[in-house]
Amino acid sequence: MSPAQKLNIPSDRLERLHYIRRMFAHAKGADLALDWSGGRTHAIRKLHAVDAAQYGRNRNFINGAVTHLSPYLRHGCISLSEAFAFVKKQFGLQADKLLMELAWRDFWRQVWLSKGNAIFSEMEPPKVHLEYQPLPDAIKQAQTGLPCMDSFISELFDTGYMHNHARMWFASYVVHHLKVDWREAADWFEAHLLDGDFASNHLSWQWVASTFSSKPYYFNKENLERYTGGKYCATCTARCPFDASYEALNTRLFTPSVAANSKQYPIKSLPMKAAHTFKAVAVFVHDEMLSAQNPLLNKPYPKIFVFDPVLCGDWSLNRLQFVADCLHEMIDVEVWVGDTHAVLMQKGVGQVFTQVTPNLKLREMLAPFSPSWEPAPKLANVRLSEQRLRRFSRYWEKVGPVLMMDV
Ligand SMILES: Cc1cc2nc3c(=O)[nH]c(=O)nc-3n(C[C@H](O)[C@H](O)[C@H](O)COP(=O)(O)OP(=O)(O)OC[C@H]3O[C@@H](n4cnc5c(N)ncnc54)[C@H](O)[C@@H]3O)c2cc1C
């Protein structure tokens, strides 16, 4: 690995985009679109533009009033509890659908916190027979021949975003029609998303696959046509794999699972790096706490962020630019690219303050620096048993009444 390098993120947005493109010459994909500029200022703007009443009526439509908040929530530009409280206050009962969707994010995260790296393997035996083919080039090149899927993939490449319903259709197509290994697909997908988040992503792929749900998710042409306004089907000349009744698709796609075992994927631990006796204290800013309002930034220590290839080596260009936008708003944060351990050693750091995370790679990386894991804002102060974390409905039974009090 090349030596760690300090970055000087330009203030001018265009220069910043160019700079990041130069510094991460290996990163693939398009530049970050203006609509998706990173940082808290844009996050607040998006939050104020939310129309929760419309969202409740049309969120499943591809052109519905979705919020585009996910990259900002993922990177901590705003906290989930802040977004939840704002929407609840502004819209009251009209916001019930959006509030519940926001809680899904908390649910997946609680599962990650509780299960750790187990979320990268099958949480339960699949309910139908799964196959584990490699992800085909046709997907990686947006050339499946199906205008709907190719358009979803192209949007992902161009913007780093895909609507929730399109994510469900796409994942179902990949896992159940193409019989691809969900884990390889989930890794690939996460790396292309601006909001790439292991909990929401990998557990959603498992939900589609049926390894964290009671049945596989699948859809037919009628469903896709309805929620896309028919815009892909109108000109499609391909033989449509979705044009059938649910009964026919069920027979065609699924055979009962014969193996009752769930597939396990080994996770490599990082090599343990030596502890040392340095004295300096620093705030370690990581990719879930990118807000100038983060209380840890008030501590009187140097603040350090590292683009470490172990954590973000496969991120798309627009995601790196999004993060650079966020960091640009956080004055006083030193930004580095390279090996986290080497950067902290070079700065003589012996102890770090940082925000708690379920990301075990990050925890391993910071272990030699006596980390003090400060709490992140919680959506609800509710203790959840293992049972509650097995399905969203069980989670919601307990958390919903607390969150929806006074609506
Ligand atoms: C296969 C698959 C992969 C996914 N990967 C990710 C991912 O890597 N990162 C990610 O943030 N979300 C992921 N999701 C969840 C969801 O699709 C996105 O959060 C949502 O589409 C983001 O767009 P939005 O902010 O406009 O959402 P909106 O529909 O406006 O929802 C508002 C917020 O509610 C939360 N939310 C809504 N739906 C879900 C959901 N199903 N699960 C969790 N949170 C939800 C998000 O924080 C979102 O920002 C995935 C879903 C699927 C089916």
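These legends describe close-up views of a predicted model. Residues are numbered from 1 along each chain as its sequence is written, and side-chain values use heavy atoms, with hydrogens and water left out. In this predicted model, local features need pLDDT of at least 70 and side-chain atom pairs count only at pLDDT 80 or more, while totals for chains, interfaces and linings use all residues.

**View 1. Buried and exposed residues of helix α1 (residues 13-23).** Helices are DSSP runs of H or I with at least four residues, and strands are runs of E with at least two, numbered from the N terminus. R16, L17, Y19 and I20 are the buried residues of α1 (under 20% relative accessible area; exposed is over 50%, partly exposed in between; 1.4 Å probe, protein chains only). Viewed down the axis of α1, these residues fall within an arc of 165°, so they line one face of the helix; the arc is that of the directions from the helix axis to the C-beta atoms. L14 and R22 are exposed on the face turned away from the buried side.

**View 2. Packing of α1.** The buried residues of α1 pack against β1 (5-7) and α15 (317-328), where contact means heavy atoms within 4.5 Å.

**View 3. Ligand surroundings.** The ligand is surrounded by 28 residues, each with a heavy atom within 4 Å of it. Y55, T67, H68, Y161 and N164 are the closest. An oxygen atom of the ligand is 2.7 Å from an N or O atom in the side chain of N164. The protein buries 97% of the 820 Å² that the ligand exposes when taken alone (Shrake-Rupley method, 1.4 Å probe).

Definitions and conventions. Polar contact = N/O pair within 3.5 Å; in protein donor to acceptor, adjacent residues only side chain to side chain.
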